[in-house]
Amino acid sequence: MQNQMTKYAIETENIIKRYKNGVQALSGVFLSVKAGEIFSLLGENGAGKSTLIRILTTYLRPTSGEVTVFGKNIYTEAAWIRSQIACVAQQTSIDTQLSLEENMLFQSRLYKIPKADAVKQMEKLIYGFGLERYRKYPVASYSGGVKRRLDIALNMMSKPRILFLDEPTVGMDAGSRNLMWEMMKQIRDEFKITIFLTTHYLEEAERLSNHICIMKDGKTVKQGTLAELCSLSESTLEDIFLHLTSAESGKREEEDCI
Amino acid sequence: MSVFTILYRNVKWRFHNAFTIVITILQPVLWLVLYSSIAGQTMKSAGIENYTAFILPGLVVLVSFSACSSSGIMNYMMKSDGSFYRVLISPVRRSSIVLGGLLEAVLCTFLEVGIMCVISRFFSVRLAADIRGMFLIFILVFLTAFFIAGFAYGASLVLPDEVMYETVMNAVVLPVFFLSTALFPAEDINGILKTAVNINPFTHVINILRDVILYGTAERNYLLFVIMLFVVMAGLGFIWALCGLKKEMDL
């Protein structure tokens with residue numbers, strides 16, 4: 001019960017991830033994600049965002065470092081953590097051999113949701129995500145945007161306490177992206193779900209996030225609210241991001257260390 | 001219960017990709033229909049009256065290889081376009097994920113074996129097995145398919161892509177099939193070839209299946225030996241597949 005009341009949904013301390021092929025993907029990640037907020041992880045391609053998500057979702061084990069989800073250790077209580085989270089990966093994870101409803105019910109069975117509750121939740125999500133008119137069509141025929149909506153909806157079948165979204169708006173047109181942003185706010189506000197979002201769109205992080213963390217070369221370099229980040233140097237998020245992630249900045253930091 | 005959830009999803013995949021059933025049964029059916037007719041005349045001189053009935057047990061093993069190998073392909077397809085990752089981060093036991101996958105391959109094998117048996121009836125193949133014999137056939141086919149499915153599942157998680165997977169499976173299946181008693185009696189073989197055929201565990205399951213199918217009975221000790229051998233092999237296949245899945249998350 002005490003864990004249920006934990007203020008932080010996710011806490012990490014000095015996560016290092018070195019793949020067996022020798023690639024060092026993470027080299028010091030420190031994060032604190034409050035429950036019920038939208039937390040954006042901002043970073044360029046190759047910054048280590050997807051690796052971090054794979055660790056936080058229990059798919060990969062870190063080489064070292066501490067990770068807790070709602071106070072539970074990821075090394076020892078992975079099974080419990082899995083029942084509390086869901087992840088919408090960069091690639092849609094819909095089974096095209098299943099219908100829309102079958103996809104959603106399959107997800108509910110993975111989480112052992114009673115049938116009656118699952119059907120109720122499914123109807124709510126189908127309505128909430130505007131998927132009613134796609135029910136009778138084969139999933140394979142859906143457009144990319146509809147597939148993405150279904151992917152998010154089915155990941156919410158288990159009523160996760162944390163929803164990980166790995167670059168959910170990549171490749172979307174402006175209209176679909178706006179719709180997605182509204183959907184994320186709705187998920188946070190109506191379903192009271194903590195959203196952990198990775199993105200490299202500054203506008204997305206700016207418009208949605210309660211907290212933002214900037215990553216570079218496998219490290220977290222800055223974390224705070226948008227106001228906190230911008231007040232440090234009285235500049236925009238874009239200025240801060242470019243300053244922190246540019247090669248020049250990296251060199252300067254190295255020189256400082258020397 | 002999670003096993004059935006995974007099994008249901010995989011069965012749906014199989015019927016959605018029904019061509020995998022057609023393709024995997026095609027070659028064994030061609031052997032059954034064409035090869036047995038052509039080679040049947042020659043084999044009569046070797047004392048085999050119904051060569052179609054003689055090669056049916058070997059083709060049951062061949063169809064198990066085909067059906068179970070294609071279930072490995074399912075892993076690649078679900079990794080690139082499906083719920084592979086989503087299932088792995090759900091609170092489902094890894095062993096249930098593997099078991100669901102293997103049982104689908106076994107079910108597909110039974111479907112294809114059933115089709116083969118129906119076709120073979122048109123070539124005057126009559127099963128001599130009674131209810132007890134049918135149960136024995138069921139156990140032997142189950143264990144054989146379960147082992148092959150475990151091997152294929154594990155291989156699909158270890159090998160980097162479909163091309164490599166297909167190459168390796170072909171490199172395994174064909175020698176195993178030809179170095180067995182699938183197409184000819186063991187008595188006609190001598191020397192190192194005989195040793196190789198005897199070492200092949202599939203030789204023994206084919207021999208037992210043949211005895212049960214043709215004569216409705218099998219030598220008790222030999223039967224027990226084969227069942228125990230394949231129980232161990234099925235267990236090892238499952239462990240191999242489970243290790244492959246765990247390794248997938250230990251990059």
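# Strands, domains and contacts

Reader: Let's dive in: which residue in E4(A) is the bridge partner of Glu13(A)?

Author: Bear in mind that this is a predicted model, where local features need pLDDT of at least 70, side-chain atom pairs count only at pLDDT 80 or more, and totals for chains, interfaces and linings use all residues. Residues are numbered from 1 along each chain as its sequence is written, while chains are lettered from A and ligands numbered from 1 in the order in which they are written. Strands (E, at least two residues) and helices (H or I, at least four) are DSSP runs, numbered from the N terminus. In E4(A), the partner that faces Glu13(A) across a bridge is Glu66(A).

Reader: How many bridges join strand E1 of chain A to strand E4 of chain A?

Author: Two strands pair if DSSP finds at least two bridges between them. Strand E1 (residues 8-18) and strand E4 (residues 64-69) of chain A run antiparallel, and Thr12(A) has Val67(A) in E4(A) as its bridge partner. The number of bridges joining E1(A) to E4(A) is five.

Reader: E1(A) and E2(A) form a hairpin, but which residue in the turn has a positive phi?

Author: E1(A) and E2(A) run antiparallel, with eight bridges joining them. One of the bridge pairs puts Ile15(A) with Val29(A) in E2(A). Five residues lie between the two strands, and the one in the turn with a positive phi, about 100°, is Gly22(A).

Reader: Which are the edge strands of the sheet that holds E1(A)?

Author: Four strands make up this open, antiparallel sheet, in the order E2-E1-E4-E5 (chain A). An edge strand pairs on one side only, and here that goes for strand E2 (24-34) and strand E5 (72-73) of chain A.

Reader: And in the open sheet of six strands in chain A, by what angle are neighbouring strands turned on average?

Author: That sheet has mixed pairing and runs in the order E6-E7-E8-E3-E9-E10 (chain A). Its edges are strand E6 (85-88) and strand E10 (219-224) of chain A. With direction ignored, neighbouring strands are turned against each other by an average of 15°.

Reader: Which helix of chain A packs on that sheet?

Author: Start with strand E3 (residues 38-43) and strand E8 (residues 194-199) of chain A, which run parallel and are joined by five bridges. Ser40(A) stands opposite Leu197(A) in E8(A). A helix at residues 174-191 touches E3, strand E7 (162-166) and E8 of chain A, its direction making about 155° with that of E8(A), and it is H6(A). Angles run from 0 to 180 degrees between N-to-C directions, the axes being lines fitted to C-alpha atoms, for helices over the stretch in contact.

Reader: How many of the six residues of strand E9 of chain A are buried?

Author: A residue is buried if 20 or more other C-beta atoms, placed from the backbone, lie within 10 Å of its own (exposed means 12 or fewer, partly exposed in between). His211(A), Cys213(A) and Met215(A) are buried on one face of E9(A), as are Ile212(A), Ile214(A) and Lys216(A) on the other. Strand E9 (residues 211-216) of chain A is largely enclosed by the rest of the structure, because the number of its residues that are buried is six.

Reader: Which residue is the bridge partner of Ile214(A) in E10(A)?

Author: E9(A) has E3(A) running parallel to it, joined by five bridges, and Leu41(A) is paired with Cys213(A) in E9(A). E10(A) runs antiparallel to E9(A), again through five bridges. These two form a hairpin with two residues between them, and Asp217(A) in the turn has a positive phi of about 50°. In E10(A), Ile214(A) is partnered by Lys222(A).

Reader: Which element gives the most to the side of domain 1 of chain A that touches domain 2 of chain A?

Author: An automatic or database assignment gives domain 1 (3-84 + 160-257) and domain 2 (93-159) of chain A. Nine residues from domain 1 and ten from domain 2 take part in the contact, where residues touch if their C-beta atoms, placed from the backbone, lie within 7 Å. With three residues, the element giving the most on the domain 1 side is H6(A).

Reader: Last one: how many helices are there in chain B?

Author: Chain B meets chain A through 20 of its own residues and 21 from chain A. Its C-alpha trace spans about 60 × 35 × 35 Å along its principal axes, and 44% of its 251 residues are buried. Chain B has zero strands, and its helices number ten.

Technical notes: Contact = placed C-beta atoms within 7 Å.
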